[in-house]
Amino acid sequence: MKMLDYISNNQDIIPKLEYHFSENDTDFELRPYDLKGIPETENLLIIEPFKVQTGDYYFIHPIWRSFFKQNQQFPNTTKLIVAGFEDFDDPNYINLRSFPASFASVLENAQSLNGDWGIDLNKYEDQQIISRLNQFFKGHDMVSLFQKLTYLDISIKNINYTLTGEIDKSYEEGIEFMFPLSKQHWREFEIRWAIYQPYFECCPFSEEKAEMEALLDQITPFFESDQPSSEMFLKINCVKVLDEIHHCLEKMHRYVRPEKGDC
Amino acid sequence: MSDRKKGTAKILLIDDENAFHNQLRFAYESDYNFESARNFKLALHLLSKHDFDLILLDLDLGDGFENGLDRIPLIRENNPDIPIVVITNDHSRDSIVKAVNNGANDFIYKKEYEKEEWKKKFEKHLKTRRLEQQNAALKEENKQLNQKLQKLEAVPFLGESPKIQEIKKSLVFLAKESEKITILITGETGVGKEVAARYFHSHSLRKNRPFQEINLAPIQESLLESTLFGHTKGGFTGAIDNRQGYFQQANGGILFLDEIGEISIDLQIKLLRFLENKKIRAVGSEEDIILDVQIVAATNRNLEEEVKIGNFRSDFYQRLKVFPVEIPPLRERKEDIPLILEHYLALSSRNLKAAFSKTAYGKILDYDWPGNVRELINSINYMRIRKGINQCDKIDESCLPIEILDFKPETPNLEEVIIETLSFDETTALTELSQIEQALSKGFNRKGIAADLLNMSADNLRYRVLKHYGQFPYLLDRFPRIRKAYKLVINQS
């Protein structure tokens with residue numbers, strides 16, 4: 001008996017699938033996929049659309065395909081099967097309204113991660129989780145998340161240079177000059193992160209998400225302070241933390257940038 | 001706008017983010033002068049008003065990278081030398097390559113801001129800019145020096161006499177008038193035919209192109225053709241490779257053929273061919289080459305006579321003498337001698353006479369100069385050396401070459417005059433007027449110089465002339481220089 005991991009939070013579908021695989025197609029054992037652990041899997045069934053905390057439904061399989069393809073830990077033989085209620089014609093797609101009797105035959109015909117398949121989601125751009133995540137990075141105000149971070153980066157580095165002596169000004173001058181606008185940018189960044197949290201739940205970002213939260217916990221006291229001292233600045237190691245935030249987001253962004261053949 | 005701090009580079013930052021301007025100023029204001037432009041229009045305006053040493057250009061001014069890339073050539077159009085460092089967050093190799101192809105010198109990533117690393121990059125380009133500016137300044141200085149040198153060159157075309165002025169005017173006019181005209185310069189040996197040819201070149205439309213000169217006289221007849229037109233390998237015995245001739249080396253410029261009167265008829269035919277259809281053929285070649293060479297030729301022979309006796313082809317002569325220039329011998333323009341002395345002794349006109357004893361100066365002016373300007377220049381070098389050897393304060397008779405020292409100018413034969421029955425006073429007047437006439441002759445008809453030569457003041461000289469004129473006006477009939485200098489009219493009645 002083979003394991004068939006699945007991703008779904010559709011409480012109507014899951015019991016029906018469980019019944020099917022226990023009664024009708026006993027070659028496979030259904031197992032919920034560990035979204036936090038992201039373990040290795042041979043076969044992954046993603047049931048769409050996925051309902052996020054906001055109550056909206058999204059197609060999520062492209063971000064998973066991108067993630068698996070870019071992560072060497074998952075073998076190329078991993079098969080990703082998408083199940084939904086649309087009439088897509090694709091070897092890796094199952095219409096839930098006519099679920100095949102033999103899942104084995106589906107697997108046999110399905111393409112591997114790098115194979116020649118791609119469900120046409122052009123009509124559903126706003127309903128793709130990747131679009132939401134792109135919006136997270138791109139922003140609505142013509143200033144992308146990375147631009148905001150870059151601004152913060154430069155300001156924090158300049159403040160740091162006042163302490164190392166590379167800029168011939170005092171720390172207090174640095175705070176006076178750089179801090180107010182940095183505080184504002186940080187607030188905007190925090191808000192954006194909070195708003196988009198629901199969209200990360202269904203994505204393979206559990207590790208990065210946890211890392212981000214830890215980093216935010218570290219640095220937030222600095223930005224919440226009205227007049228942070230140089231001791232606080234150095235203790236928190238703001239330069240390093242911001243740098244790590246940047247790297248963390250870049251890791252996520254890697255999967256979010258659209259790739260050919262994904263959608 | 002801030003005043004430029006002395007010695008600090010001026011950087012124009014073009015970025016739509018206000019915050020970035022503030023951040024860079026905060027970091028670098030002790031190192032550089034910054035000017036800010038938040039949009040491209042303002043940037044172009046600032047560039048038209050100020051000199052910048054470096055431009056930092058954000059590729060995305062809120063309207064996309066492609067527009068940013070297009071801005072680089074617009075900046076370059078009027079600012080070809082200012083280094084441009086583009087600022088971008090786009091890590092794609094393609095964008096950077098495009099930026100550099102469009103004229104950017106370098107790039108920085110905003111998110112990889114490191115103060116010292118960026119400063120190193122700025123300094124690299126500022127240093128290059130400084131070096132380029134220094135180089136340009138040196139080139140300009142060099143150009144000006146070269147221009148000065150041309151004026152002060154070893155053999156400048158010196159002369160303010162009416163004849164030389166006329167020749168210079170003609171040469172300048174011809175030089176600017178046409179690139180195709182052929183010039184024939186004639187005159188005795190040493191008058192300055194080569195100098196005149198170079199003078200022509202320096203004023204011509206071809207002045208920035210080659211000036212090749214060749215003296216045809218000393219070259220063996222058998223080698224002259226290949227020297228002028230080049231040869232191919234094996235073209236004659238001993239021709240071991242292809243060689244360009246003087247014509248090809250002068251292509252685009254001017255070829256000065258000195259001693260044109262010395263060449264064979266055969267070579268005259270070949271040169272005539274060139275003058276007619278601009279073609280030459282290298283020795284041993286079967287192909288003609290078309291060249292663009294302007295010919296200036298020179299000779300000390302009388303080519304008209306040479307044509308008559310059959311040594312020179314008439315058709316070639318006609319072709320050469322499109323515009324003939326005859327440079328007079330030095331003895332016919334002695335008023336140029338002081339100028340030449342001043343130049344080669346590096347003296348001002350005020351100090352010239354003080355550099356010579358009266359006698360030596362007089363002898364130099366008396367001398368006939370059969371070798372013309374060349375002889376004068378050689379004599380100047382001789383006199384300078386002798387002065388040093390003899391440890392004299394000035395150039396005196398002991399410093400003069402023997403031929404100048406011993407030279408006796410022709411003087412009016414006073415004995416013939418005195419045979420006439422004249423009174424003692426008349427004879428005295430005649431003698432004195434004769435000396436004054438000679439002094440005027442030596443002093444280029446200048447009363448002041450004549451007075452100096454006679455060791456008297458100009459007023460005294462005038463007094464003596466007018467006195468004799470008053471007493472014996474008819475005597476002035478023999479002395480045209482005195483009459484002209486003092487505007488004296490002899491009543492014929």
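In the predicted model, helix α2 of chain A, formed by residues 61-70, lies across strands β1, β3 and β6 of that chain. Its direction makes an angle of about 175° with β6(A), which spans residues 79-84. Helix α1 of chain A likewise lies across strands, in this case β1, β2 and β3 of chain A, and runs at about 155° to β2(A).

The strands beneath these descriptions belong to an open sheet of five strands in chain A, ordered β2-β1-β3-β6-β7 and paired in parallel. The edges are taken by β2 and by β7 (93-95) of chain A, each of which pairs on one side only. From one strand to the next, the twist averages 30°.

Within this sheet, strand β1 (residues 2-7) of chain A is joined to strand β2 (residues 28-32) of chain A by five bridges, and the two strands run parallel. The connection between them passes through helix α1 (residues 13-23) of chain A, giving a β-α-β crossover that is right-handed. A:Tyr6 has A:Pro32 in β2(A) as its bridge partner. Three bridges also link β1(A) to strand β3 (residues 43-47) of chain A, again in parallel; here A:Asp5 is partnered by A:Leu44 in β3(A).

Chain A also contains a helix pair. The axes of α5 (residues 145-164) and α9 (residues 238-256) of chain A come within 9 Å and cross at roughly 160°. Because of this angle, α5(A) is roughly antiparallel to α9(A). The crossing of α5(A) and α9(A) is left-handed. The residues of this contact comprise ten nonpolar, four polar and three charged. Among those contributed by α5(A) are A:Leu145, A:Phe146, A:Leu149 and A:Ile156, while α9(A) supplies residues including A:Val239, A:Leu242, A:Ile245 and A:Leu249. Others in the contact include A:Asp153 and A:Lys157 of α5(A) and A:Glu250 of α9(A).

In chain B, five strands form an open sheet with parallel pairing, in the order β7-β8-β11-β6-β12. Strands β7 (211-215) and β12 (323-326) of chain B each have a single partner strand and stand at the edges, so one side of each is left without a neighbour in the sheet. The twist in this sheet averages 20° from one strand to the next. Strand β6 (residues 183-186) of chain B runs parallel to β12(B) and is joined to that strand by four bridges. In this pairing, B:Thr186 stands opposite B:Glu326 of β12(B). Helix α6 (residues 162-177) of chain B lies across both β6 and β12 of chain B, at about 150° to β12(B).

How values were computed: Residues are numbered from 1 along each chain as its sequence is written. Chains are lettered from A and ligands numbered from 1 in the order in which they are written. This is a predicted model: local features need pLDDT of at least 70, side-chain atom pairs count only at pLDDT 80 or more; totals for chains, interfaces and linings use all residues. Side-chain values use heavy atoms; hydrogens and water are left out. Axes are lines fitted to C-alpha atoms, for helices over the stretch in contact, and angles run from 0 to 180 degrees between N-to-C directions. Angles under 35 degrees count as roughly parallel, over 145 as roughly antiparallel, 65 to 115 as roughly perpendicular and the rest as oblique. A crossing is left-handed if the near helix is turned anticlockwise from the far one by less than a right angle, and right-handed if clockwise. Contact means heavy atoms within 4.5 Å. Ala, Val, Leu, Ile, Met, Phe, Trp, Tyr, Cys and Pro count as nonpolar, Asp, Glu, Lys and Arg as charged, and the others, Gly among them, as polar. Two strands pair if DSSP finds at least two bridges between them. A crossover is right-handed if, with the strands pointing away from the viewer, the path from the first strand over the helix to the second runs clockwise.
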